Every structure is written in C-alpha cells, then in structure tokens.
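The following exercises ask the reader to derive local features from atomic coordinates. Each task is followed by a solution set out in steps.

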Amino acid sequence: MTTTAASADRRRLVGVYSDIVRTFARNNAWTLGLLAFLAVLLVFTKYVNQNYSLTSLANSATSVLPLALAAVAQAVAVIAGGIDLSVSSQMALTSCVAATLMASNPGDATAVAIVLLVLLLGLLLGAINGALVVLTRVPDIIVTLATYFVWAGFALLVRPAPGGSAAVWLKDLVVGSLGIAVLPKAAIVLVIIVGVIWIPLSRSRFGLSLYALGSNRLAAFRSGVPINRTKVLSYMITGLMAAFAGLSLTASTGIGSPVPEPTYVLISIGAVVLGGVSLAGGIGGVFGPIVAVIVLQLIRDDMTFMRVDSNYGLVAQGFILIGVLMVGSFLQMRRSRR
Amino acid sequence: VTAATNTARDRSWLRPAAWRNLLRDYPLIPLTVLLVLLVVVVELARPGTVNAGWASNAVRQAAVLAILAGCQTLTMLTGGIDLSVSYVASMSGFVTATFVHQPGGWVLGVGVALAAAALAGLVNGIGSGVFRVHPLIMTLGMGLIVFGFSNVWQLKSVQTGSGVPTELRTIGSGLTLDWIPNDLLVFVPVAIVLILLLRRTGYGRMLYAIGDNPVAARLSGVRSWQVLVVLYVISAMLAATAGLVQSGLSNTASVTLVSPYLLPSVAAAVIGGTSILGGRGGYSGTIVGALILTVLGGFLSIVLPEPWRQIVFGSIVVLVAAAYTRVTAES
C-alpha cells in the first residue's frame, strides 16, 4: 500500500517537474533553438580551425561587448512596442563625451564621476526620445530616425575628430580575462550590467507594464498601466544601455569616435529579432539577443578562418538573418493555423 | 434665419476645424507653403542665392531623393518599409560603371544591375509577402547581402577598372537650355507612372487596402502576397534607377554612394504626408517633401557647420512630423 502511494507521489512529482521543463522549453523554444545553433556553430568552428578553443572565444568578448549592449538596449525598446534607430548615435555621443572628459580630467576618482555622468547622459537622451514619442505621437521609428541625426550632430560638436582617452581601470575592466583564461572580463561586465539593471526591472511591476504596453497598448491602458510613463522609462533604459555600450566602446578602443557605426543599428535590430524578440512588441527578453550577437560574430570569425573574403561574412550574416526569420515565421504561421 | 446661416457659413473658415480638414484633405497646400517659406528664408539669409541656376540644381538633386522616397512611399502605404534601397541603388550605379570597359559596355551593365536589383526585390517580396517576415528586418537583411556582394564585386573588378558612362553623366548632371536638368527625363515619367498607379489603378487601391486593414483586404479577395512581391520588385527597380541617376549626377561610382540618402528618403515620404503605419498618403506629397529636404539640406550646408546641420535637420523632421500627426489625428 505505502509503496504504491509513494510511487504515485513520485510519479506525480516527476509529472510536475516534466511539466515545468516542458513549459520552460515551450516558453523559451526560440532561445533554446538559438543555443543549439550556437553549439553547432562552435563545433563547425572547431572543425574549420583546429586551434580554436574557449580562449579564442573569450578573446573576442571585448570586441563583442559594445554590440551585445547595443542589442540589449534595442531589445528593451522593442519589447515596449517601440524601436530605437538612434542607438548607434547615442553610443557615439556618450563614447565621445566619456573620452573627451577623461582626456582633460585624468585621475581614477574623476573617471568614476565621469562614468556616472555619462550614464546620466544616456538616461537623459533616452528620456528625450521617449518624451518626444509620447508628446508628438509620431511613430517611434520616425522620432528616433530624427534624433539619430541630432545625437550624431552633438557627437561631432563634442569631438570633431576621433580622439580622447580612457581611464586605465576602465580599459582593465573589459580587456583580458579573470584568473583562468576562459572567463573574459567583458562577459562578466555584461552579466553584471544585465543582472543588476534588467533582471530586477523586468521582474518588477514596471517590467510587467513594459510587456503589457508592448503586447497590447489599448488593453494595457484599460488595465490601468501608465502607458506614457512606461514608454518614457523604456526609452530611458534603452538610453542607459546605449551609454554602457558607448562606454564599452571607449574602454575597448581607448578613444571616442564621433561617427556612429551604421551597422550597429542594423545588427542590433537583427540580433534582437534573431534573439526571439517580436518586432510587434511584448515578446522576448535580452538573453536571446545576446546569444544572437555572439552567433553573428562567430559567423564572421568562421569566414575569416576559412580564408573567405570578409565581405562574404556580411552576405552570410544577412542570409542567416533572413533564413532564420523565414523559417521561424513559417513555423509560427503553421502553429497558429492549426 | 438665412442671414444668420449665411454669417455662420461666412465665418466657418475661421474655425480651426475647417483649417484642419483643409490641411488633412489637401496636404499639398501646407507643404507647398512650407517650401515657399523655406525659399524665402534662403533668399533673405543670402540675398541673390535664389535664381534659375539654384533652382535647377535643387531640382536635379531632389529628383534622386524623390525617386528613392517613392520606394518608401509605396512600401509604407502597405505598412512596410524598404531599407535596402540605398544599397541596391549604390550597387546599380557601381555595377554599371564596372562594365564600361568591358565587351557589352554600359548597356549590358545597366541590364545586369537591373536584373540584380529585381532579384533582390523578389527576395524582399517573397520574405515579407509569403513568409510574413517584418519588412523592416527583411529589407535590412537584404541590404546587408547586397552591400556584401557589392564589396565582393568591387574586389573582383579592381583590375578591369571602372568609370561612369558618358550617357549616364549626360542624364544625371546635364542641363538642357541652360537650366532644365536632364534627369527630369527619368524623374517625370517615374512620377507620372507612380501617381497614376496609386490613383487610377486597381493595384494602387490594393496597396492602400493592405496598409489600411490587411484582414479586410484579404476578405475582399486581395491576394496580399502577390501584391507585395510585385511591390518590392518595383521598389528595387526604382532604387536601381535612382542609383544610375545619382552616379551620373556625382560622376562617381562607389558601393556606398547612395547610403547618405537612406534616412532622408524615409523622412521625405513622412514629411510628404505618407503614414508609416500604412493606408494613408500619396506620391505628390513625397515629391514636395523631397524638394523641402533638398532645399533645407543645401541651405544648412551653406550657413551652418556640419554638426549643427545634422542637429537642425533632425529637429525639423521631428517638428514637421509632429505637426502632421497633430493635424491629421483622428479626433
């Protein structure tokens, strides 16, 4: 008797666990698929380049960090139902301000103040973007298209030519590895930034409002979500993340460059979508986009290892972007039709 | 009673609502007023600037922007956007230039360029029409692919050399009777065809229908995917044409030649009154929008240094779009 009861209990428990696993798998199917793709890609990389190891992966972390942060910034805006085309020029502006101030005010303590100031600047830029969207009721894509020019103009005012410098500790923060070679500092920085800012926010009441606003604006409004405030806050977080991205650019290159890298916007939007965030808003997270950035970078690296003209890397990135999306939306269409 | 009604009718134009309706129904009027104001400001700031030569130069440059903005107008009407236009346009000008010293000459080059553009547009159309990938991301990815292939082509064609064919230079930068730009020869037919397409044909109606309410359009028997595939091919061909004209205008051919025009092309369509959400707008407004942006850009480049030019440009785009939204808001 008791044994059967115990085994029934155990069976029920296993059932609960398998339910949890199944739900988790269903909710994160896209990200898990992307991780599987990343794994296949890593095996492929090892195949084309026998010398490839975890150390090589760690080494590219420093150069991937700005792009990963840009993707996180873009993801926040897209989840809230918007889009931010001005991410790359926000990065250019914050990077220029940081590099210029650090060149004229050397010293570790002042550098800390400068970093805080630049982060505040990011919040301000985002707040202006968000306020414009809310006040003018112009579609997000147009507002941020216009502010793209404005921030880029200010970046040129701050630094007519690339230059400036970065504090030593800031460089140390993102370059190299911690202890064992497979743990790049850049990855730790990324985890800390996302862990300290995004995860608590997304779990909070505000996070719920953010997803509600993105998935259905009218329903969110009727449920009492302060939609205007949520919108402005979403762009402020995007601005903050863009400021982090700008700082990481300054840290990894040691200078500030006033001309926004045009591919940053394209790749950030691409990575966001590839990472399972719906462009319609309300679906996705920031983990997927980060994995997507790594996938896109790895594809370019593979091209280099295979001694293929690096321009084919661009072509391959485009094809992967399009191909994955076509397959993804095709599967989604079939599922919704059933 | 009649007297009272008459006075009421006489004063009706004083009401803001009447003005708003006028602006909403005839966006060309405020746009033209804005353009004229801008020209007056240019003349006041730099007396003697505005003359026939200045005007023909402005029109010549605006034509390229207007063709590219045509791509955005058509795709935005269906609720889409085409961000691959600048890459397709640059590719078309560049590929044509590389064929100049080859057997077959520039004519073959134009053929190859248009074929490549049509292929890119076809993929765009299949992706967004059949597979329902968001056009923003679809055309973005296509842009990257075209740009990558253009770069590859550039490396392959280094030995053969390149040059903008004389014929394209004549069309792009030549003047007839001293002040009529030759590129109107390309632009005017394009404009007429686009305006007629949107106003007089069933295909044009279908574009508006898909943008206004995709479900209603489908239930009314519109096969959206066919409409969209054709649309993106048209858009890519227009972009390729603009690229040919631009390479003739600037007498250069590079794989990034038209890149600076991408965001202004979207801005021109928006300023011209086409809604990025779909279903509302037209090409005539876009033409005036392109003229406004060209005059503004030229003026700012004279009076302001580069950083401030970008700042003012961005601010004006926001302001005009905001004014538009305020006026045309459903209330």
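## Exercise 1. Two helices of chain B

Task: determine how far helix 5 of chain B is covered, then examine its span.

Solution. Of the 14 residues of helix 5 of chain B, 14 are buried, so the helix is largely enclosed by the rest of the structure. Here buried means under 20% relative accessible area, exposed means over 50%, and partly exposed lies in between (1.4 Å probe, protein chains only). Helices are DSSP runs of H or I with at least four residues, numbered from the N terminus. This is a predicted model, in which local features need pLDDT of at least 70 and side-chain atom pairs count only at pLDDT 80 or more, while totals for chains, interfaces and linings use all residues. Residues are numbered from 1 along each chain as its sequence is written, chains are lettered from A and ligands numbered from 1 in the order in which they are written, and side-chain values use heavy atoms, with hydrogens and water left out.

For the span, the expected value is 1.5 Å times one less than the number of residues. Helix 5 (residues 85-98) of chain B reaches 20 Å from its first C-alpha to its last, close to the 20 Å expected.

The treatment extends to helix 12 (residues 224-250) of chain B, whose 27 residues reach 38 Å, close to the expected 39 Å. This helix is mostly covered, with 19 of its 27 residues buried. Just after it, B:Asn251 takes a positive phi of about 55 degrees, in a residue other than glycine. B:Asn251 belongs to the loop between helix 12 and helix 13 (262-271) of chain B, and its relative accessible area of 40% makes it partly exposed.

## Exercise 2. Helix 4 of chain A and the nonpolar core

Task: compare the end-to-end distance of helix 4 of chain A with its expected span, and establish its share in the largest nonpolar core.

Solution. Step one concerns the span: the 19 residues of helix 4 (residues 61-79) should cover 27 Å, and the end C-alpha atoms are 25 Å apart, which agrees. Step two concerns burial: 18 of the 19 residues are buried, so helix 4 of chain A is largely enclosed by the rest of the structure. After this helix comes A:Gly81, with a positive phi near 90 degrees.

Step three turns to the core, defined as a set of buried Ala, Val, Leu, Ile, Met, Phe, Trp, Tyr and Cys residues joined through side-chain atoms within 4.5 Å. The largest such core has 196 residues, and A:Ile142 and A:Ile269 have the most contacts inside it. Helix 4 of chain A supplies the largest share of this core, 15 residues. With contact taken as heavy atoms within 4.5 Å, and residues up to four places away in sequence not counted, the residues that A:Ile269 touches include A:Gln74, A:Leu279 and B:Leu136.

## Exercise 3. The salt bridge

Task: how many salt bridges are there over all chains, and which parts does A:Lys231 tie together?

Solution. A salt bridge requires a side-chain nitrogen of Lys or Arg within 4 Å of a carboxyl oxygen of Asp or Glu. By this rule the count over all chains is one. A:Lys231 pairs with A:Asp140, and their closest N and O atoms are 3.1 Å apart. A:Lys231 lies in helix 12 (residues 227-253) and A:Asp140 in helix 7 (residues 140-158) of chain A, so the pair ties together parts that are 91 residues apart in sequence. Both residues, A:Lys231 and A:Asp140, are buried.

## Exercise 4. Two arginines of chain A

Task: are A:Arg159 and A:Arg137 buried or exposed?

Solution. A:Arg159 has a relative accessible area of 18% and is therefore buried. It sits in the loop between helix 7 and helix 8 (168-174) of chain A. Its C-alpha is 9.1 Å from that of A:Ala99, although the two residues are 60 apart in sequence. Beyond four places in sequence, A:Arg159 touches A:Cys96, A:Thr100, A:Gly164, A:Gly256 and A:Pro258.

A:Arg137, by contrast, counts as exposed at 54% relative accessibility. Its place is the loop between helix 6 (108-136) and helix 7 of chain A, and its phi is positive, near 60 degrees.

Definitions and conventions
Helix = DSSP H or I, 4+ residues; strand = E, 2+ residues; numbered from the N terminus.
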